[in-house]
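Dear colleague,

I am passing on the structure we spoke about, together with my notes on it. Please look it over at your convenience before reading further.

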Amino acid sequence: MMRLFQQTGWAFWWLALLVLVLDQVTKQWVHHSMALYDSIQLLPFFNLTYVRNPGAAFSFLSDAGGWQRWFFTVVAVVIIAVLSVWLKRLSPKATKLSIGLCLIIGGAIGNLIDRLWHGYVIDFFHLYYQNWHYPAFNIADSAIVIGAALLIWDSFSNQEQGHDDAKPR
């Protein structure tokens with residue numbers, strides 16, 4: 001078992017667990033400390049605003065009647081499984097790719113827990129400028145976006161540099 005964590009991309013699983021813990025702790029704090037739609041201004045362009053999202057990114061399918069909860073649950077489980085297998089096949093030298101996959105996995109598990117436990121995802125980061133408002137998001141969402149950016153960056157940097165580190169073994 002230790003070999004799995006030392007000689008594969010799973011060496012970075014600690015990052016997925018860190019994202020998961022931070023995500024769940026902050027969501028529980030918001031859920032128990034704020035009323036729904038309460039907002040706390042932190043900066044002139046940034047609030048903590050408690051909202052619930054039964055849909056996906058940007059509230060996609062949020063008003064679909066309930067079936068979307070199970071659809072997004074299945075999608076998350078499949079993505080987590082596929083990315084975990086991919087991570088297991090990577091060399092620990094594929095740092096950028098492994099970190100990106102772990103960020104996505106940790107974020108996906110965090111939002112999956114919300115969806116299973118509550119039936120919706122707890123969001124609270126709210127960016128805005130004058131009348132423009134970005135949809136609320138959470139730590140899991142942030143980790144997923146950063147992880148996806150790392151995957152894209154890795155795909156371009158490995159092509160340019162000719163690295164074999166990120167190829168499955």
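Below are my notes, beginning with the overall build and confidence and moving on to individual residues.

Please bear in mind throughout that this is a predicted model. The mean pLDDT of the protein is 85, and 80% of the residues score at least 70. Broken down by element, the lowest mean pLDDT, 57, belongs to helix H1 (residues 2-6), whereas helix H2 (residues 13-33) has the highest, 97. Towards the end of the numbering, residues 160-166 stay under a pLDDT of 50, and for this stretch the model has nine contacts beyond four places in sequence; I would read those contacts with the confidence values in view.

As for the overall build, the protein has five helices and four strands, and from the N terminus on these elements follow the order α-α-β-β-α-α-β-β-α. Of the 169 residues, 43% are buried. The accessible surface comes to about 9,800 Å², and 68% of that area belongs to carbon and sulfur atoms. If one takes the contacts between residues at least 6 apart in sequence, 66% of them join residues at least 24 apart.

The record offers a starting point for a closer look. In an unreviewed UniProt entry, the annotation "active site" covers Asp123 and Asp141. These two residues span 19 residues in sequence, yet their C-alpha atoms are no more than 8.9 Å apart, so they gather at one spot. Asp123 belongs to strand S3 (residues 121-129), while Asp141 is found in helix H5 (residues 139-161).

Asp123 has a relative accessible area of 3% and is therefore buried, the limit being under 20%. Once neighbours within four places in sequence are set aside, the contacts of Asp123 include Thr49, Tyr50, Val51 and Asn53, as well as Ala136, Phe137, Asn138 and Asp141. Asp141, counted in the same manner, is in contact with Asn111 and Asp123.

Asn111, which thus touches one of the two annotated residues, lies in helix H4 (residues 95-118) and is buried, with a relative accessible area of 11%. Not counting residues up to four places away in sequence, Asn111 touches Asp23, Lys27, Val121, Asn138, Ala140, Asp141 and Ile144. Asn138 therefore appears in the contact lists of both Asp123 and Asn111, a contact here being heavy atoms within 4.5 Å.

Turning to the aromatic side chains, the structure holds six aromatic pairs. In one of them, Phe46 and Phe125 have ring centres 5.8 Å apart and planes at 35°, so this pair is tilted. The pair links distant parts of the chain, as Phe46 is in strand S2 (residues 46-53) and Phe125 is in strand S3, 79 residues apart. Both partners are buried: Phe46 has a relative accessible area of 16%, and Phe125 has a relative accessibility of 17%. Ring pairs also link Phe46, Phe124, Phe125, Trp132, Tyr134 and Phe137 into a cluster, and Phe137 is among the contacts of Asp123 listed above. Elsewhere, Lys96 lies over the face of Trp153, at 4.2 Å from the ring centre.

Two backbone positions deserve a check on your side. Tyr37, in the loop between H2 and strand S1 (39-43), has a phi near 75°, a positive value in a residue other than glycine; Tyr37 is exposed, with a relative accessible area of 59%. Gln130, in the loop between S3 and strand S4 (132-133), likewise has a positive phi, near 50°, and is not a glycine; the relative accessible area of Gln130 is 61%, which makes this residue exposed.

Finally, there is a second set of annotations to set beside the model. The unreviewed UniProt entry places the feature "transmembrane region" at residues 70-87, 94-113 and 133-153. Residues 70-87 are 100% helix and 0% strand, with end C-alpha atoms 25 Å apart. Residues 133-153, by comparison, are 71% helix and 5% strand, and their end C-alpha atoms lie 28 Å apart.

With best wishes

Conventions:
Residues are numbered from 1 along each chain as its sequence is written. Side-chain values use heavy atoms; hydrogens and water are left out. Buried means under 20% relative accessible area, exposed over 50%, partly exposed in between (1.4 Å probe, protein chains only). Accessible areas come from the Shrake-Rupley method with a 1.4 Å probe; for residues, only the protein chains shown count as cover. UniProt positions are given in the numbering used here, feature names are shortened, and annotations may be inferred rather than shown by experiment. pLDDT is the predictor's confidence in each residue, from 0 to 100. Rings of Phe, Tyr and Trp (its six-membered ring) pair if their centres lie within 6.5 Å; planes under 30 degrees apart count as stacked, over 60 as edge-to-face and the rest as tilted. A charge sits over a ring if NZ of Lys or CZ of Arg is within 6 Å of the ring centre and within 35 degrees of the ring normal.
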